[in-house]
Amino acid sequence: AEHEGLSTWIITKSPLVTRDIDVLRRIARNNRISVHISLISIDRDLARRLEPRAPTPDARLRALPRLRDSGIEAGINVMPVLPGITDRPDQLEPLIKAVAAAGATYLNACALRLRSAARQRYLPFVEKEFPHLAPRYRATYRSSHHAGERYRQGLHEYFRKVCARYGVPFGHDDDDEVEANETEAAPAQLMFAF
């Protein structure tokens with residue numbers, strides 16, 4: 001707040017960021033500030049399985065209008081989208097609709113990436129919680145930390161299309177990850193075959 005010309009991002013799963021709205025507003029007077037709230041599912045039971053100690057989806061969504069009503073740029077990061085777990089249209093479209101209704105400035109999304117340390121923790125979780133998906137995960141992430149390019153492109157195109165339908169911009173103008181993934185998208189139906 002004492003400096004000018006800064007570009008600041010806050011990435012959080014916690015709605016407690018709203019406790020600092022007064023400070024965020026002071027920062028925003030002379031700087032760019034954006035709050036990215038992580039949310040991978042609005043299904044409370046599924047969210048509890050995936051992120052047992054994280055705040056509920058409803059609590060995170062309630063933080064958006066509080067930030068926006070205070071003039072703070074705020075959006076949702078649907079990161080990571082979990083192949084076969086959180087990537088179905090009947091899961092994603094209600095999430096996007098809820099994010100738009102909450103007044104998000106933008107929505108970002110990308111597929112799960114599993115580098116070696118994350119792979120060592122996450123694959124046993126999939127084997128325990130979603131055993132029917134374990135062979136596909138092992139095959140998909142065997143030689144790369146990314147899901148396949150066609151899956152990522154399909155996911156990107158799906159989010160772009162559904163975000164446009166609900167009037168929430170897809171991507172953040174400073175988001176190198178989203179811009180780096182800007183490619184000619186594969187048909188959206190391909191996203192569900194990772």
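**Helix α1, the core and its rings**

In helix α1 (residues 21-30), the buried residues are I21, L24 and I27. Looking down the axis of α1, these buried residues fall within an arc of 120 degrees, so they line one face of the helix. That fits a simple rule of helix geometry: an α-helix has 3.6 residues a turn, so residues three or four places apart point the same way. As for what this buried set packs against, the partners are β1 (7-12), β2 (32-38) and α3 (57-69). Keep in mind that the model is a predicted one.

Two of the α1 residues turn up again around L67. Leaving out residues up to four places away in sequence, L67 touches I21 and L24, along with V17, T18, V35, I37, I72 and A74. L67 is also among the residues with the most contacts inside the largest nonpolar core, a list it shares with I85, L107, Y137 and F159. This core has 50 residues, and helix α7 (residues 149-166) gives the most to it, with six. Such grouping is no surprise, since in soluble globular proteins nonpolar side chains tend to be buried together.

Next come the rings. The structure holds six aromatic pairs. One of them joins Y137 and Y141, a stacked pair with 5.9 Å from centre to centre and 25 degrees between the planes. Y137 is buried, with a relative accessible area of 0%, and Y141 counts as buried too, at 1% relative accessibility. F159 and F170 make another pair: their ring centres are 5.9 Å apart and their planes sit at 15 degrees, so this pair is stacked. F159 belongs to helix α7, while F170 is in the loop between α7 and α8 (176-180), so the pair ties together parts that are eleven residues apart in sequence. F159 is buried at a relative accessible area of 0%. F170 has a value of 11%, and because buried means under 20%, F170 counts as buried as well. Back at the tyrosines, ring pairs link Y137 and Y141 with Y122, F125 and F130 into a cluster.

One last detail concerns the backbone. M79 and P80 are joined by a cis peptide bond, with omega at about 0 degrees. For background, most peptide bonds are trans. As for where this proline is found, P80 is part of strand β3 (residues 73-81).

Conventions
Residues are numbered from 1 along each chain as its sequence is written. This is a predicted model: local features need pLDDT of at least 70, side-chain atom pairs count only at pLDDT 80 or more; totals for chains, interfaces and linings use all residues. Side-chain values use heavy atoms; hydrogens and water are left out. A nonpolar core is a set of buried Ala, Val, Leu, Ile, Met, Phe, Trp, Tyr and Cys residues joined through side-chain atoms within 4.5 Å. Buried means under 20% relative accessible area, exposed over 50%, partly exposed in between (1.4 Å probe, protein chains only). Helices (H or I, at least four residues) and strands (E, at least two) are DSSP runs, numbered from the N terminus. Contact means heavy atoms within 4.5 Å. Rings of Phe, Tyr and Trp (its six-membered ring) pair if their centres lie within 6.5 Å; planes under 30 degrees apart count as stacked, over 60 as edge-to-face and the rest as tilted. The arc is that of the directions from the helix axis to the C-beta atoms.
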